[in-house]
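Trainee: I would like a close look at one part of this model. Please pick it, stay with it, and build the picture piece by piece.

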Amino acid sequence: MDIVEKTRRLKKYEASEAVAFSSEGSPGMDFLSPFGPLIGRTRMSVGLIDHLNSVSDALTTPGQGAEFELSESDCSRGGEDSLQSCVTRALRTYVESVEHEPPGLVQLDNVWVVSQFAGTPSPVHFHSAELSGVLYLKVPTISSNADERNYISGRQAGYINFLIGGKQRFARSLISFKPVIGDLYIFPGWLLHGAEPFRGTGERRSLAFNARVE
Ligand SMILES: [Fe+2]
């Protein structure tokens, strides 16, 4: 009885055997990347993004950066197609896929919008929640960086950088994703992330949230 219980509890930490990439070398080689935090990516509908942008437009001044919380009624408007319903479903998929069993409770704790223009940084940070996410509502046109930056989080200005563990030889410790409208990333709230200030035109508008999961 005790052994069965322990096995079930440990299962959520069991990694995947999936091949991350293969090398064409001689000999060829499969590479496995079984450890570390899992980042989920899915897409939200155009209708939802449009709704969130119109809500945010009413709370911002064109051309000026801002950061503000979204009200519960803005998050729940639209019933099954609302932000709250869509994100909760995505969070359930994340937890069930990662932990091999459905969560008992998934609840959006707080939701906020970050509107940025060229030159504004989002310093590396983590969230207070166990599970968090970010959804892109608007993306700027980013001027390519002629001067290659070599500090850890700054290689891809305007992208989201996730970092873990510092430099460890033969291990990967950072990744950058280009913001795409409608892309939703779900990740552990303790995972360090940030965005370097970009050069370019237009608004970078993202929606972030913290979730309670039990
Ligand atoms: Fe964040």
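Mentor: Begin with a strand pair. Strand 4, residues 66-69, is joined to strand 5 by 4 bridges, and the two run antiparallel. In that pairing Glu67 faces Val114 of strand 5. One caution before going further: this is a predicted model. Strand 5 also pairs with strand 14. Here 10 bridges make the connection, again with antiparallel strands. Asn110 is set opposite Asn210 of strand 14. In general, strands of a sheet pair through backbone hydrogen bonds, either parallel or antiparallel.

Now widen the view. These strands belong to an open sheet of 6 strands, ordered 3-11-7-14-5-4, and its pairing is antiparallel. Which strands stand at the edges? They are strand 3, residues 40-43, and strand 4. Each has a single partner strand, so one side of each is left without a neighbour in the sheet. On average, neighbouring strands of this sheet are turned by 20 degrees against each other, with direction ignored.

Look at the strand 3 edge. Strand 3 meets strand 11, residues 183-188, through 4 bridges, and this pair is antiparallel. Thr42 has Leu184 of strand 11 as its bridge partner.

Next, what packs on the sheet? Helix 2 does, and it touches strand 5, strand 7 and strand 14. The direction of helix 2 makes about 80 degrees with that of strand 7. Helix 4 packs on the sheet too. Its contacts are with strand 3, strand 5, strand 7, strand 11 and strand 14. The direction of helix 4 makes about 115 degrees with that of strand 5.

Take helix 2 by itself. It covers residues 46-57, which is 12 residues. From first C-alpha to last it reaches 16 Å, close to the 16 Å expected at 1.5 Å a residue. Which residues of helix 2 are buried? They are Leu48, Ile49, Leu52 and Ser56. Seen down the helix axis, these buried residues fall within an arc of 100 degrees, so they line one face of helix 2. The face turned away from that buried side carries the exposed residues Val46, Gly47, Asp50 and Ser54. What covers the buried residues of helix 2? The cover includes helix 4 (83-99), strand 5 (106-116), strand 7 (131-138) and strand 14 (204-213).

Helix 4 gets the same treatment. At 1.5 Å a residue, its 17 residues should span 24 Å. Its end C-alpha atoms are 24 Å apart, which agrees. The buried residues of helix 4 are Leu83, Gln84, Val87, Ala90, Leu91, Tyr94 and Val95. Around the axis they cover an arc of only 135 degrees, which puts them on the same side of helix 4. Glu96 and Ser97 are the exposed residues on the face turned away from the buried side.

Follow the chain out of this helix. His100 comes after helix 4. It sits in the loop between helix 4 and strand 5. Its phi is near 65 degrees, a positive value in a residue other than glycine. Is His100 buried or exposed? It has 12 other C-beta atoms within 10 Å. A residue with 12 or fewer is classed as exposed, so His100 is exposed.

Two other loop residues deserve a backbone check. Phe170 also has a positive phi, about 70 degrees, although it is not a glycine. Phe170 lies in the loop between strand 9 (160-163) and strand 10 (174-177). With 4 other C-beta atoms within 10 Å, Phe170 is exposed. The other residue is Pro27. A cis peptide bond joins Ser26 to Pro27, with omega about 5 degrees. Pro27 is in the loop between strand 1 (19-23) and strand 2 (29-32).

Last, set the part in the whole. The protein has 4 helices and 14 strands. Its C-alpha trace spans about 60 × 45 × 30 Å along the principal axes. Of its 214 residues, 24% count as buried. Among contacts between residues at least 6 apart in sequence, 75% join residues at least 24 apart. Keep the core picture in mind: an open sheet of 6 strands, with helix 2 packed on it and helix 4 packed on it as well.

Terms used: Residues are numbered from 1 along each chain as its sequence is written. This is a predicted model: local features need pLDDT of at least 70, side-chain atom pairs count only at pLDDT 80 or more; totals for chains, interfaces and linings use all residues. The expected span of a helix is 1.5 Å times one less than its number of residues. A residue is buried if 20 or more other C-beta atoms lie within 10 Å of its own, exposed if 12 or fewer, and partly exposed in between; C-beta atoms are placed from the backbone. The arc is that of the directions from the helix axis to the C-beta atoms. Two residues are in contact if their C-beta atoms, placed from the backbone, lie within 7 Å. Two strands pair if DSSP finds at least two bridges between them. Axes are lines fitted to C-alpha atoms, for helices over the stretch in contact, and angles run from 0 to 180 degrees between N-to-C directions.
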